[in-house]
Amino acid sequence: RQELYRELRKKPSETKDGVKVDLLMNAGLAVDLPQLAEAGAAGIGLFRTELQFMVASTFPRAEAQEKLYRDVLDIARGRPVTFRTIDIGGDKVLPYFKGSVQEEENPALGWRAIRLTLDRPGLLRTQVRALLKAAGGRELKVMLPMVTELSEIAQAREIIDREVRHLSRFAHHLPTSLKLGAMIEVPSLLWQLDELMQAVDFVSVGSNDLFQFVMAADRGNTQLADRFDPLSVPFLRVLKQIADAGARNHTPVTLCGELAGKPISAMALLGLGYRSISMSPASIGPVKAMLTELPLGELKSFLDDNLSGPAANLPMRALLQAFADDR
Ligand code: PEP
Ligand code: MG
């Protein structure tokens with residue numbers, strides 16, 4: 001298998017019927033970076049910046065943040081990298097940071113990610129400045145986690161713009177372009193998809209959190225782990241609505257949750273219209289093996305037929321598996 005995956009690296013990343021797909025990898029620490037070349041990823045679709053904060057015993061200094069971001073961009077050598085601003089809170093606690101005034105009964109629904117960084121803008125400002133400096137002369141992509149309302153994007157943009165003005169006043173070398181994206185993880189965004197797509201340069205579906213919130217099922221609770229299936233009619237419809245809204249508004253859409261890394265669910269994503277997915281590096285080989293064998297046109301009609309009519313109880317996973325086995 002490993003041999004097959006190595007061989008596949010030389011092949012273009014496209015379906016059997018010639019549709020190009022970007023297979024990106026998720027990362028978060030310097031130790032992950034050699035995987036970029038080894039796995040043959042087209043770039044880093046999700047760089048989890050909070051990992052640097054989680055392995056430290058105090059807040060990483062601005063210089064340490066900048067160095068990590070610079071190393072990432074150096075190693076990526078022009079391949080796209082999407083940096084997610086710190087996604088702490090919820091299950092990702094920093095032992096040295098007690099910002100919350102109360103114990104949270106529902107940490108997943110609590111003071112976390114963009115909510116926390118907008119309330120502690122110093123954290124975000126330091127990080128944004130480090131990112132801007134590290135990306136001087138190169139493209140920078142920044143993504144906001146757990147966005148719930150579009151106003152959060154506007155507030156983050158103000159902070160970013162202020163840092164850009166600050167650095168240009170001191171004649172710093174700025175990024176050649178700066179793209180701002182939002183993660184789709186909170187269901188409230190599903191009813192403002194067109195507005196969202198207009199408000200950002202790109203979006204990325206955080207399917208781990210989105211599934212948890214759509215199904216009201218804790219992503220870490222093993223008792224629930226097999227109870228609900230992302231490859232079910234309701235969740236596939238959600239994912240399709242997002243892909244359609246992206247296409248309609250010409251806003252690039254990626255998906256960077258665990259779903260992207262399993263060949264059968266990655267196949268479903270492609271059928272729903274996704275052309276860019278980000279996964280753990282070890283999944284790129286298996287997903288590419290699926291991709292190169294996939295008649296995407298057939299899969300698309302198969303999914304359109306099954307998801308558009310009355311379909312409440314269709315066993316989608318089994319149907320998708322049968323589709324894959326037949327081909
Ligand atoms: C997700 O929620 O799907 C995601 C990619 O972010 P994380 O797993 O880091 O919460
Ligand atoms: Mg998430």
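**Entry 1: Met-146**

I started with Met-146, which sits in the loop between strand 4 (139–144) and helix 7 (150–169). I kept in mind that this is a predicted model. I looked up the backbone angle and found phi of Met-146 near 60°, which is a positive value in a residue other than glycine. Is Met-146 buried or exposed? I got 23 C-beta neighbours inside 10 Å, so Met-146 counts as buried; the cut-off for buried is 20 or more.

**Entry 2: His-250, another positive phi**

I then went to His-250, in the loop between helix 10 (233–249) and strand 7 (253–255). His-250 is not a glycine, yet its phi is positive, about 55°. Why does His-250 count as exposed? I found 8 C-beta neighbours inside 10 Å, and a residue is exposed if that number is 12 or fewer.

**Entry 3: Strand 4 and its partners**

Back to strand 4, the element just before the Met-146 loop. Five of the six residues of strand 4 are buried, so I wrote it down as mostly covered. Which way do strand 3 and strand 4 run relative to each other, parallel or antiparallel? They run parallel, and three bridges join them. I picked out one pair here: Phe-83 has Val-142 in strand 4 as its bridge partner.

Strand 4 also pairs with strand 5 (residues 177–184), again in the parallel sense, over six bridges. Here I noted Met-143, which stands opposite Gly-181 in strand 5.

**Entry 4: Strand 1 and its partners**

Next I checked strand 1 (residues 22–27). Five of its six residues are buried, and I called strand 1 mostly covered too. Strand 1 runs parallel to strand 2, with three bridges between them. In that pairing, Asn-26 stands opposite Leu-46 of strand 2.

How many bridges join strand 1 to strand 8? I found four, and these two strands run parallel as well. Leu-23 stands opposite Ile-277 in strand 8, and Met-25 has Met-279 as its bridge partner there.

**Entry 5: The two faces of strand 8**

I wanted to see where the side chains of strand 8 (residues 276–279) go. Ser-276 and Ser-278 point one way, while Ile-277 and Met-279 point the other way. In a regular strand the side chains alternate between the two faces of the sheet. I also checked burial in strand 8: these four residues are all buried.

**Entry 6: Ser-283**

Following the chain on from strand 8, I stopped at Ser-283, in the loop that leads to helix 12 (284–292). Ser-283 has 21 C-beta neighbours inside 10 Å, so it counts as buried. I then looked at Ser-283 and Met-25, the strand 1 residue from Entry 4. They are 258 residues apart along the chain, but their C-alpha atoms are separated by 8.7 Å.

**Entry 7: Asp-91**

Asp-91 is in the loop between strand 3 (81–84) and helix 5 (113–119). Is Asp-91 buried or exposed? I counted 11 other C-beta atoms within 10 Å, so Asp-91 is exposed. Leaving out residues up to four places away in sequence, Asp-91 touches Pro-107 and Gly-220. I also looked up Arg-112, which is 21 residues from Asp-91 along the chain; the C-alpha atoms of the two are separated by 9.2 Å.

**Entry 8: Helix 11 against helix 14**

I turned to a helix pair: helix 11 (residues 263–272) and helix 14 (residues 316–326) pack at an angle of about 95°, and their axes are 10 Å apart. That angle makes helix 11 roughly perpendicular to helix 14. Which residues make the contact? From helix 11 I listed Ile-264, Met-267 and Ala-268, and from helix 14 Leu-320, Gln-321 and Ala-324. I sorted the residues of this contact into five nonpolar, one polar and no charged.

**Entry 9: Around ligand 1**

Last lookup: which residues are around ligand 1? I listed Leu-46, Arg-48, Asp-87, Glu-185, Gly-206, Ser-207, Asn-208, Asp-209, Cys-256 and Gly-257. Leu-46 had already turned up in Entry 4, opposite Asn-26. I sorted the shell into two nonpolar, four polar and four charged residues. Strand 2 (44–48) and helix 9 (207–215) each supply at least two residues of the shell. Helix 9 gives the largest share, three residues.

Technical notes:
Residues numbered from 1 in each chain as written. Chains lettered and ligands numbered in written order. Predicted model: local features only at pLDDT ≥ 70, side-chain atom pairs only at ≥ 80, totals over all residues. Near = placed C-beta within 6 Å. Nonpolar A, V, L, I, M, F, W, Y, C, P; charged D, E, K, R; others polar. Pairing = 2+ DSSP bridges. Axes fitted to C-alpha atoms, helices over the stretch in contact; angles between N-to-C directions. Parallel < 35°, antiparallel > 145°, perpendicular 65-115°, else oblique. Contact = placed C-beta atoms within 7 Å.
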